[in-house]
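Student: I've got the sequence and the structure open side by side. Can we go through some backbone oddities together?

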Amino acid sequence: MRSKVSQFSVSLKLTLSLFFLFFLILVIRSSFSFTQQAPSPIFSQTHLSNATNDNNQEDPKPETTTECPSLPSVIPTATCTKTPPSLANALVHYAATNITPQQTLKEISVSMRVLEKKSPCNFLVFGLGHDSLMWAALNHGGRTVFLEEDKAWIDQIMRRLPGLESYHVTYDTKVHQAEELLKVGDSEECRAVGDPRFSDCQLALKNFPSDVYDTEWDLIMVDAPTGYFDGAPGRMSAIYTAGLMARNRESGETDVFVHDVDRVVEDKFSRTFLCKGYLTEQEGRLRHFVVPSHRARAGRPFCP
């Protein structure tokens with residue numbers, strides 16, 4: 001997830017700021033409720049402690065609406081809420097930094113469209129980086145979990161963004177093993193659907209926190225671990241395990257995204273273990289797969 005070289009793009013920064021501003025407007029508009037009743041005074045819950053009824057007595061049942069003094073008088077019964085903390089934090093963070101996410105706006109938009117339909121939901125992200133706060137904000141009200149290989153990097157990010165949920169994980173593979181692991185994936189053990197913790201497949205990751213395996217993830221983003229040189233862990237196991245977790249859910253479908261598919265490992269392993277038949281869209285270096293539950297339909301082949 002982290003950029004290999006710090007990216008200073010003013011135009012992309014401005015685009016992201018406008019994007020979050022537009023998202024903020026949508027959130028605020030969605031919180032308004034309108035009625036056809038005659039105009040009536042609106043008080044916040046705090047103000048109502050001093051309000052009186054027709055008998056000049058304190059009203060024992062305060063209203064729950066919140067006053068929106070900036071709204072036009074033609075909308076007298078509109079109610080409003082505060083900006084969600086996750087969105088507010090994201091707006092401030094991206095407005096105050098020149099470091100931009102590694103994914104392009106078009107690539108981000110693919111995942112954003114899915115989140116618009118599914119959030120609040122369970123969103124698992126392989127990697128912790130400059131775009132993590134954005135993903136958490138887009139999944140406001142849901143649970144977004146980040147799995148990161150670099151403990152020092154987690155500490156650095158969490159000091160700046162303590163509200164994110166992140167876990168340190170380790171990988172025992174190397175990019176130079178990719179071809180060998182691709183052949184291992186053809187084995188019967190690797191084509192069996194089940195909990196990764198109990199899989200006999202060498203590609204299955206088994207050292208995540210238990211809660212990660214026990215949760216049914218609606219979206220999974222594979223944008224880590226590091227995979228751009230031979231000695232790096234590579235994303236072979238991450239891609240395989242993401243597909244296994246998607247197949248092992250009780251019912252429904254999981255949207256799985258893989259970034260950097262311009263590289264050999266991400267290209268071959270996503271097509272093999274997430275399956276070309278489940279590929280629904282590719283934008284730039286991002287692929288979007290929709291993987292159905294295999295537990296819900298006995299006998300479903302590993303790939304369609």
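Tutor: Sure, and keep in mind that this is a predicted model. Ask away.

Student: Where does proline 120 sit?

Tutor: Start with its peptide bond: the link from serine 119 to proline 120 is cis, with omega near 0°. As for its place, proline 120 is in the loop between α3 (105-118) and β1 (122-126).

Student: What is omega for the peptide bond from alanine 224 to proline 225?

Tutor: Find proline 225 in the loop between β4 (219-222) and α9. The bond from alanine 224 into that proline is cis, and its omega is near 5°.

Student: How many of the residues of α9 are buried?

Tutor: Helix α9 runs over residues 236-247 and reaches 17 Å from first C-alpha to last, close to the 16 Å expected. Its buried residues include Met236, Tyr240 and Arg247. The helix is mostly covered, and the buried count is 12 of 12.

Student: Is aspartate 260 buried or exposed?

Tutor: Aspartate 260 is in the loop between β5 (253-259) and α10 (264-275). Its phi is positive, about 70°, although it is not a glycine. Buried means under 20% relative accessible area. Aspartate 260 has 2% relative accessibility, so it counts as buried.

Student: And which helix does cysteine 275 lie in?

Tutor: Cysteine 275 isn't a glycine, yet its phi is positive, near 80°. With a relative accessible area of 1%, cysteine 275 is buried. The helix that holds cysteine 275 is α10.

Conventions:
Residues numbered from 1 in each chain as written. Predicted model: local features only at pLDDT ≥ 70, side-chain atom pairs only at ≥ 80, totals over all residues. Heavy atoms only, no water. Helix = DSSP H or I, 4+ residues; strand = E, 2+ residues; numbered from the N terminus. Expected span 1.5 Å × (residues − 1). Buried < 20%, exposed > 50% of the residue type's maximum accessible area, 1.4 Å probe, protein only.
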